Amino acid sequence: MSPSKALPLRFYRRPTELVARELIGRYIVREFEGDRLVLRIVETEAYLGAPDRASHAWGGRRTARNESLYLPGGHAYVYFIYGMHFCLNVVTEGADLGSAVLIRAGEPVAGEERMLALRGLSRARPGDVAGGPGRLCKALGINRSDDGVRFDRGALKIVEGEPPSADEIAAGPRVGIDYAADAVAWPLRFAIRGNLHVSRPRL
DNA sequence: CGGAAGATCCACT
DNA sequence: GTGGATCTTCCGA
């Protein structure tokens with residue numbers, strides 16, 4: 001079934017837009033209280049750091065909240081937003097740049113029953129479990145205690161998969177960043193074309 | 001020190 | 001389509 005070989009740190013230490021594209025089709029493997037939860041990544045967004053108005057690292061902003069965003073590629077940046085949701089990012093490139101990829105949606109591969117329970121649902125249509133960054137974190141039991149962990153080992157890994165071909169990946173503007181001036185329209189959102197687990201608005 | 005806004009989600013009309 | 005939930009963070013005064 002799903003492969004178990006974690007991506008090496010060097011995978012992440014490349015241009016952010018490329019990493020965002022190439023994370024599509026990989027698997028997030030989460031060990032949570034004895035359960036193995038697996039999601040296939042179907043949607044990502046690239047955040048480029050200081051030059052990117054939509055990035056938490058815009059203009060070099062650096063605070064206690066986003067400190068882990070400045071770790072070297074391959075670490076997690078988990079932040080709390082809107083008073084109730086967590087979002088999961090994969091730090092990219094080298095240390096101190098503040099570039100990262102937001103994991104926006106995943107397709108359940110294993111442990112779906114447990115993920116449903118974590119989401120507080122009894123049944124779900126495609127996309128309900130992990131279609132959206134807040135839902136995805138809730139389905140995997142991710143919170144601030146996962147901030148700064150490595151993705152190549154431990155209880156929150158990203159492993160190899162079967163990345164779709166380039167023509168199966170759609171690109172478009174990122175979600176929820178209307179304030180981001182010139183960066184509003186940058187096509188840094190990536191998703192598997194036609195996949196039902198992609199968040200709204202669908203690409 | 002106060003206010004505003006946020007890389008969201010859900011329920012309701 | 002609209003607004004409310006809920007709270008941390010940030011910036012301006």
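Colleague: Which residues line the second largest pocket?

Modeller: In this predicted model, the lining is made up of Arg125, Pro126, Gly127, Asp128, Gly131, Arg135, Leu196, His197, Val198, Ser199, Arg200 and Arg202. The volume of this pocket is about 260 Å³.

Colleague: What makes a residue in that lining count as nonpolar, polar or charged?

Modeller: The residue type decides. Arg and Asp are on the charged list, so Arg125, Asp128, Arg135, Arg200 and Arg202 go there. Pro, Leu and Val are on the nonpolar list, which puts Pro126, Leu196 and Val198 in that class. Gly counts as polar, so Gly127 and Gly131 belong with the polar residues. The split is three nonpolar, four polar and five charged.

Colleague: What is the volume of the largest pocket, and which residues lie nearest its centre?

Modeller: The largest pocket has a volume of about 530 Å³. Its lining has 25 residues, and Tyr79, Ile81, Tyr82, Cys87 and Leu102 are nearest the centre. By class, that lining comes to 14 nonpolar, eight polar and three charged residues. Strand S2 (35-47), S3, S4, S5 and H4 each give at least two residues to it.

Colleague: Why is the other kind of space called a cavity and not a pocket?

Modeller: A cavity is a set of points where a 1.4 Å probe fits but cannot get out, whereas a pocket is an open set. The structure has one cavity of 30 Å³ or more. The volume of the largest cavity is about 40 Å³, which is above that cut-off. Around the largest cavity sit Ala170, Ala191, Ile192, Arg193, Gly194, Asn195, Val198, Arg202 and Leu203. Five of these lining residues are nonpolar, two are polar and two are charged.

Colleague: How do you know how many disulfides there are?

Modeller: A pair of cysteine sulfur atoms has to lie within 2.5 Å to count. For Cys87, the closest cysteine sulfur is in Cys137, 6.1 Å away, so the two are too far apart for a bond. Hence the count by this rule is zero disulfides.

Colleague: Are those two cysteines buried or exposed, and what makes them so?

Modeller: Buried means under 20% relative accessible area. Cys87 has 6% relative accessibility, so Cys87 counts as buried. Cys137, at 1%, is buried too.

Colleague: What makes a residue count as being near DNA strand B?

Modeller: One of its heavy atoms has to lie within 4 Å of the strand. There are 20 residues around DNA strand B, with His56, Tyr79, Asn89, Arg135 and Tyr179 coming nearest. On the DNA side, sugar and phosphate make up 55% of the atoms of the strand within 4 Å of the protein. The protein surface there has ten nonpolar, seven polar and three charged residues.

Colleague: How do you know which residues make polar contacts with DNA strand B?

Modeller: The pair of N or O atoms must be within 3.5 Å. A polar side-chain atom of His56 is 2.7 Å from a phosphate oxygen, so this pair qualifies. The side chain of His85 has an N or O atom 2.8 Å from a base oxygen, which also passes the limit. Gly134 passes as well, with a polar backbone atom 2.8 Å from a phosphate oxygen.

Colleague: Which element gives the most to the surface near the strand?

Modeller: H4 does, with three residues. Strand S3 (76-81), strand S4 (85-91), strand S5 (100-110) and helix H4 (133-140) each supply at least two residues of that surface.

How values were computed: Residues numbered from 1 in each chain as written. Chains lettered and ligands numbered in written order. Predicted model: local features only at pLDDT ≥ 70, side-chain atom pairs only at ≥ 80, totals over all residues. Heavy atoms only, no water. Polar contact = N/O pair within 3.5 Å; in protein donor to acceptor, adjacent residues only side chain to side chain. Helix = DSSP H or I, 4+ residues; strand = E, 2+ residues; numbered from the N terminus. 1 Å grid on protein atoms, 1.4 Å probe; cavity = no way out; pocket = protein on both sides within 12 Å on 5 of 7 lines; lining within 4 Å. Points joined across faces, edges and corners; volume = space filled by probe spheres on them. Buried < 20%, exposed > 50% of the residue type's maximum accessible area, 1.4 Å probe, protein only.
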